[in-house]
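Thanks for asking me to look this one over. Have the model open beside you as you read.

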Amino acid sequence: MKAAVVYQKNDIRISEVPLPRAGRGEVIVKVRASGICATDVKILSGAGIPADLPAILGHEVAGTILELGPGTDEAGLRVGQRVAVYPIAACGKCIYCRQGRNSLCLSEHGLGHGDDGGFAEYVRIPAEVVRLGGVIDIGDMPFDLAAMIEPTSCCIAAAEQCGTKAGDTVVVVGVGPLGLLHTVVSTALGADVVCVDVNEERLAKARGLGAKRAVNPEKEDAAEVVRGMTGVGADVVIAAVGIPQVMESYLPLVRNAGVFNIFGGTPRGETMTVDPRWIHYGEIVLTGTFASSVGQFHRAFSFVSEHAEEIEAVISTRCGLDDILGAVQRVQRGQGTKSVLLFPE
Ligand SMILES: [Zn+2]
Ligand SMILES: [Zn+2]
């Protein structure tokens, strides 16, 4: 089969590799759509290159079931079924899994992270994912939309972590594809969303997706805009950027007893400064969200079904596996929003 194989930093090539077979408890999915995540691009550019190379990235996968391994009878799956795949092979037994926090699993691995991922014609789904109920039936949902379930689940995870509710003011810092999905999710929860980005095209998109205000900090002071809306600060600030200094500069936008969520991954070794007096006297909640749980993945499927039009609008580029390098470069240059690889039937 054809796959986009990472050989080393900045070296990804379309190669012919053996077709995976389903071992005990495993499932083989014929990939039909695979989303390109900022995390993949970060990995490809050298920040956290996988330990075991060559590797196949891609953790936002939808397709059809090609093969069911022995011991999957209980999973309720069938060959040819249209599915989306939760990418984390969480154990289901450790302290975190028992709390429903699979992204913190003590023995975590998964698609594009220890296991070959979805930038390939076929992908082997680990037995843990099957056991968790992480291979879900998508009915007649289009595959490109189904590839958006995973990134949407991360935004739902953040909203749950922040306790976002109707009437809240939510500031989303950084309006890339995930910032746009945060806008859709928080707006659906009944919050007033303020998006902040220097990219006017993305701000326009955020407005179209329901943002109450879209602020370009080069032209307007976001803190003033928020104070003008609430009289204090924001109930929730989601930092969907990967730069600690930018995150730091938006800390003051949270009101007392509000929640600041570090959503974007940042480069190793880079730090930000937080005044403990601000947390103490302001009773600020400082939190982070990484990936999602299998439960949030299921909720994301329902959410994407109900908000298909908005989620669809976040996708800017659909291309084939052969175009993956161009798609990665577009993400690096900040062009477009979400890129999804599509595979023929
Ligand atoms: Zn991702
Ligand atoms: Zn676990």
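Below are my notes, going from the whole chain down to single residues.

1. **Overall picture.** Please keep in mind that this is a predicted model. The chain holds 13 helices and 17 strands. Along its principal axes, the C-alpha trace spans about 60 × 40 × 40 Å. A compact globule of 345 residues would have a radius of gyration near 20 Å, and the chain agrees, with 20 Å. Half-and-half is a handy way to remember burial here, since 50% of the 345 residues count as buried. As for contacts with a separation of 6 or more, 68% of them join residues 24 or more positions apart.

2. **Two domains.** The domain assignment splits the chain into domain 1 (2-147 + 307-342) and domain 2 (157-288). Their C-alpha centres lie 28 Å apart. Twelve residues from domain 1 and 13 residues from domain 2 make up the contact. On the side of domain 1 that touches domain 2, helix 1 (38-44) and helix 12 (308-314) each supply at least two residues. Helix 12 gives the largest share of that side, with four residues. By type, the residues on this side of domain 1 are five nonpolar, four polar and three charged.

3. **Helix 5.** This helix deserves a look of its own. How far apart are the end C-alpha atoms of helix 5 (residues 149-162)? They are 20 Å apart, which agrees with the 20 Å that 14 residues should span at 1.5 Å a residue. Helix 5 is mostly covered, with twelve of its 14 residues buried. Among the buried ones are Ile 149, Glu 150, Pro 151 and the cysteines Cys 154, Cys 155 and Cys 162. Right after helix 5 comes Gly 163, with a positive phi near 65°.

4. **The largest nonpolar core.** As a rule, nonpolar side chains in soluble globular proteins tend to be buried together. In this model the largest nonpolar core has 113 residues, and Val 29, Val 171 and Val 237 touch the most other members. Helix 5 contributes the largest share of this core, eight residues. The core also draws at least three residues from each of domain 1 and domain 2.

5. **Val 237 and its neighbour Val 236.** Beyond residues up to four places away in sequence, Val 237 touches Val 171, Val 173, Tyr 250, Leu 253, Val 254, Phe 260 and Asn 261. Val 236 lies in strand 13 (residues 234-239). Is Val 236 buried or exposed? With 30 other C-beta atoms within 10 Å, against a cut-off of 20 or more, Val 236 is buried. Leaving aside neighbours within four places in sequence, the contacts of Val 236 include Cys 162, Thr 164, Asp 168 and Val 170, along with Gly 258, Val 259 and Asn 261. For a sense of scale, Val 236 and Ile 324 are 88 residues apart in sequence and 35 Å apart in space, C-alpha to C-alpha.

6. **Tyr 250.** You will find Tyr 250 in the loop between helix 9 (244-249) and strand 14. Tyr 250 is buried, with 22 other C-beta atoms within 10 Å. Apart from neighbours within four places in sequence, Tyr 250 is in contact with Val 173, Val 237 and Ala 239. From Tyr 250 to Ala 327 there are 77 residues in sequence and 30 Å in space, C-alpha to C-alpha.

7. **Two alanines with positive phi.** Ala 257 has a positive phi of about 65° although it is not a glycine. Ala 257 is placed in strand 14 (residues 254-262) and counts as exposed, with 12 C-beta neighbours inside 10 Å. Ala 291 also has a positive phi, near 55°. Ala 291 sits in the loop between strand 15 (285-288) and helix 11 (294-306), and is buried, with 24 other C-beta atoms within 10 Å.

8. **A cis peptide bond.** Lastly, check the bond that joins Leu 53 and Pro 54: it is cis, with omega about -5°. Pro 54 belongs to the loop between helix 1 and strand 4 (61-68).

Methods:
Residues are numbered from 1 along each chain as its sequence is written. Chains are lettered from A and ligands numbered from 1 in the order in which they are written. This is a predicted model: local features need pLDDT of at least 70, side-chain atom pairs count only at pLDDT 80 or more; totals for chains, interfaces and linings use all residues. Domain bounds come from an automatic or database domain assignment. Two residues are in contact if their C-beta atoms, placed from the backbone, lie within 7 Å. Ala, Val, Leu, Ile, Met, Phe, Trp, Tyr, Cys and Pro count as nonpolar, Asp, Glu, Lys and Arg as charged, and the others, Gly among them, as polar. The expected span of a helix is 1.5 Å times one less than its number of residues. A nonpolar core is a set of buried Ala, Val, Leu, Ile, Met, Phe, Trp, Tyr and Cys residues joined through C-beta atoms within 7 Å. The radius of gyration is taken over C-alpha atoms; the globule rule is 2.2 Å times the number of residues to the power 0.38.
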